[in-house]
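My notebook is open and I have a fresh page for this one. Let me put the structure on the table and look things up one at a time.

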Amino acid sequence: PDSCPAPDPLSGVAPCVDPEISFSWACKTQPDEADCRSKQLSLATFPAVGALSVEVDNLDLKPSHTGVVMTLTARKGTRSAATSVWIRVVEGADPTLTVELLVGTSSTVVVQHTASADTSQAFVWQLGGTGYLGNAGDLAVDDVPTGWSSKELVMNMASASLRNLFTPGGSYTITLMVDGVPGPSISLKAPSKPTGGSCITAPLLAKEMVDEITCTCSGWSADELPMSFSVSVAGGAWSSPAFQGAMSILLLQGSFPISGRVTDAAGGHAIAPPQTVEVVSAATSSSEAGNSTAVGGSDVAITALGNALEMMAATGNTRGIITASVMIAQGLNGPQASSSNAVSASRRLLASSAAYRMRTRRLLASKLGKRESSVAATPRLASSSLS
């Protein structure tokens, strides 16, 4: 049949109606595909109109019936077209029951159902859809603080464990199960995460505490801006977020995998594959056993260390000062590492001389003293013997 243009609710013009189009309705029960019958067992008939309300209470439905399929056929002359809609029928169900979206941001989703508080039916929320990957039962209480059986479902989409249930940017559904049977549902889009970029670490061979090692993250895009950047060394804690993609660090001798992480404003993040950096000694120690001096690179190294800590103190990077202090203090107080390139060698000093060790202690204590008003004592710092 001829189709009318889409109505414009602001135009004030009545919807298009073609008087030559006729309508007819047919009803079949499911799953047996039998013609619908009234309570009086006569064949059910319906008005020849384009919009129809069906009183399912007037139909003769058996306990085995799950619903009915209503088929509308429109005709104009010799041409016709038909469309069908499936109506699920549940005994005692509330036909006005719906699911409403209260909050739908990339960090929080809140939905609620409209069932009366005095209903005897049991309601449970269920996730589904092509973008849902499963395992919602493994979530922590903080991820879904209201639980799965309350009137409202609150999902903390900023949680990494919750985000991992979905394909980033994929479509998923929240369905209200009514007495174990699927009820009304709502379709939503899962949060995305930064994509399209890389994090490159250079140089891959550096001198300990002298050469700056820079992890540069670039080429990333995200739906939720701004993006922030972090770096992790050897699987350790992520650095404080920075809004510039180039992050520089100084390391002691050893072999270190370094990773970059990009986080969007809603908490979605992507982690670039790690790259391994080899850090070699910057100092040449005297061959004479027990010599109390270090030759060559130690002065350069202590200057570089001082500059790094000075910059941390000036910018208020208390966490950086603490991390550097604890790391080097463990090297001062711990046993000397073996000659292997194991990660444990990262705590070795640049040189073994007592004078160099004392200079490092004083430097760390000096820099920490500048931040003492904002640095809370911790067990690790207390045991580092920096005073």
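**Entry 1: disulfides**

Which cysteine forms a disulfide with Cys199? I looked it up, and the partner is Cys217, with the two sulfur atoms 2.1 Å apart. A note to myself: a disulfide here is a pair of cysteine sulfur atoms within 2.5 Å. In general terms, a disulfide is a covalent bond between the sulfur atoms of two cysteines.

Before going further, I wrote down what I am looking at: this is a predicted model, where local features need pLDDT of at least 70 and side-chain atom pairs count only at pLDDT 80 or more, while totals for chains, interfaces and linings use all residues. Residues are numbered from 1 along each chain as its sequence is written, and side-chain values use heavy atoms, with hydrogens and water left out.

Back to the pair. The torsion about the S-S bond of Cys199 and Cys217 is about 110°, so this disulfide is right-handed. Cys199 sits in strand β10 (residues 198-202) and Cys217 in strand β12 (residues 213-218), so the bond ties together parts that are 18 residues apart in sequence. I checked how the elements are named: helices (H or I, at least four residues) and strands (E, at least two) are DSSP runs, numbered from the N terminus.

Are these two cysteines buried or exposed? Cys199 is buried at 6% relative accessibility, and Cys217 is buried with a relative accessible area of 6%. My cut-offs: buried means under 20% relative accessible area, exposed over 50%, and partly exposed in between (1.4 Å probe, protein chains only).

Then I noticed Cys215. Its sulfur is 4.4 Å from the closest cysteine sulfur, in Cys217, which is too far for a bond. Cys215 is buried as well, at 2% relative accessibility.

The structure holds two disulfides, so I looked up the other pair. Cys27 and Cys36 are joined with their sulfur atoms 1.9 Å apart. Here the S-S torsion is about -60°, so the disulfide is left-handed. Cys27 is buried at 6% relative accessible area, and Cys36 is buried at 2%.

**Entry 2: aromatic rings**

How many aromatic pairs does the structure hold? I found two. The rule I used: rings of Phe, Tyr and Trp (its six-membered ring) pair if their centres lie within 6.5 Å; planes under 30 degrees apart count as stacked, over 60 as edge-to-face and the rest as tilted.

Tyr132 and Phe166 form a tilted pair, 6.0 Å centre to centre with 50° between the planes. Tyr132 lies in the loop between β6 (123-128) and β7 (152-156), and Phe166 in the loop between α1 (160-163) and β8 (171-178), so the pair ties together parts that are 34 residues apart in sequence. Phe166 and Tyr172 have ring centres 4.4 Å apart and planes at 40°, so their pair is tilted. Ring pairs thus link Tyr132, Phe166 and Tyr172 into a cluster. Phe166 is buried at 3% relative accessible area, and Tyr172 is buried at 0%.

I also listed what Phe166 touches, leaving aside neighbours within four places in sequence: its contacts (heavy atoms within 4.5 Å) include Leu127, Met157 and Ala190.

**Entry 3: sheets**

Two strands pair if DSSP finds at least two bridges between them. One open sheet has three strands in the order β6-β8-β9, with antiparallel pairing. β6 and β9 (181-189) stand at its edges, each with a single partner strand, so one side of each is left without a neighbour in the sheet. Seven bridges join β8 to β9, and Met177 stands opposite Pro182 in β9.

Another open sheet runs β4-β5-β7, also antiparallel. Its edge strands are β4 (99-104) and β7, each pairing on one side only. β4 and β5 (residues 108-113) share five bridges, and Gly104 stands opposite Val109 in β5.

**Entry 4: cores**

A nonpolar core is a set of buried Ala, Val, Leu, Ile, Met, Phe, Trp, Tyr and Cys residues joined through side-chain atoms within 4.5 Å. The largest one has 24 residues, and among those touching the most other members are Val109, Phe166 and Tyr172. β8 gives the most to this core, with four residues. A second, separate core of 19 residues includes Cys199, Cys215, Trp220 and Leu251.
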